[in-house]
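Colleague: Could you take me through this structure slowly, with the terms explained along the way?

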Amino acid sequence: MATPFVVIGGKGTGSVAVEAALALIGAPYRVQEGAKRAINPMRQVPALILPTGELMTESAAILIWLADEFPDAGLAPRISEPARAAYLRWMAFVSAAIYSLYWIRDKPSRLAADKAQEGVLLDRTAERIAACWAVMENQLSPGRYLLGDSLTVLDLYVTVTSRWKPRRRAFYKVAPCMGEVVRRVDADPRLAALWAERLAFSKGWEG
Ligand SMILES: N[C@@H](CCC(=O)N[C@@H](CS)C(=O)NCC(=O)O)C(=O)O
């Protein structure tokens, strides 16, 4: 049997986008819960241990690599396709402009000296995240999915990251077209079991 990928992850975290990509690809994988965060020198999830034993970190890089490694799954525009540039642009954007702010939001005391400063950071990063989603909304013309009519790992990435605070209701407000896409991905029957287990669509989750 093929050696499985090992996702170092956690419920509701960015690892769920990686898990969703592996599920759609149909590659064998298992999840090690975040107690093993230490495997990543940045002490973060997701991390991915490849069947070769090599460690990968950085959610965008992992998703791009998986989509390229398993081209038959059709989870990314190929290098020569016109949508490739936009795909790489927005994968990097979600990682750099949006996801990175959660290092502050998850523990504002990393940068703030007291509770009042923490509140300011939370408010301002929420504003910045909304502004970044609005930029993406204004630059994209989604079809059924963000880059056209095929689901890519960008859709998985945005579906997961747009669930985090300030949560989906705020996201739908600034990004109504992308909102339709992420609802479609939420409802994808191939991912229903994974979403239910790893993202917990409990009452009020949209914020
Ligand atoms: N740049 C990293 C960010 C990963 C990240 O921030 N992960 C969060 C969970 S969603 C985490 O592990 N936070 C713990 C921490 O930063 O201490 C990536 O894209 O993979």
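Modeller: What follows is a set of questions and answers on domains, helix packing, cysteines and backbone angles.

Modeller: This is a predicted model, in which local features need pLDDT of at least 70 and side-chain atom pairs count only at pLDDT 80 or more, while totals for chains, interfaces and linings use all residues. Residues are numbered from 1 along each chain as its sequence is written, and side-chain values use heavy atoms, with hydrogens and water left out.

Colleague: How far apart do the C-alpha centres of domain 1 and domain 2 lie?

Modeller: The domain bounds, which come from an automatic or database domain assignment, give domain 1 as 5-73 and domain 2 as 84-195. Counting a contact as heavy atoms within 4.5 Å, 20 residues of domain 1 touch 17 residues of domain 2. The distance between their C-alpha centres is 19 Å.

Colleague: At what angle do helix α1 and helix α6 pack?

Modeller: Helices here are DSSP runs of H or I with at least four residues, strands are runs of E with at least two, and both are numbered from the N terminus. Axes are lines fitted to C-alpha atoms, for helices over the stretch in contact, and angles run from 0 to 180 degrees between N-to-C directions. For α1 (residues 15-25) and α6 (residues 153-161), the axes are 9 Å apart and the angle is about 145 degrees.

Colleague: Which residues of α6 are met by V16, A17, A20, A21 and L24 of α1?

Modeller: The contact has nine nonpolar, no polar and no charged residues, where Ala, Val, Leu, Ile, Met, Phe, Trp, Tyr, Cys and Pro count as nonpolar, Asp, Glu, Lys and Arg as charged, and the others, Gly among them, as polar. On the α6 side, the residues are V153, L156, Y157 and V160.

Colleague: Why is C177 in no bond with the closest cysteine sulfur?

Modeller: A disulfide is a pair of cysteine sulfur atoms within 2.5 Å, and a search of the whole structure finds zero of them. The sulfur of C177 is too far from the closest cysteine sulfur, in C132, because the distance is 18 Å.

Colleague: Is R43 buried or exposed?

Modeller: Buried means under 20% relative accessible area, exposed over 50%, and partly exposed in between, with a 1.4 Å probe and protein chains only. R43, found in the loop between β2 and β3, has a positive phi near 55 degrees. Its relative accessible area is 57%, so R43 is exposed.
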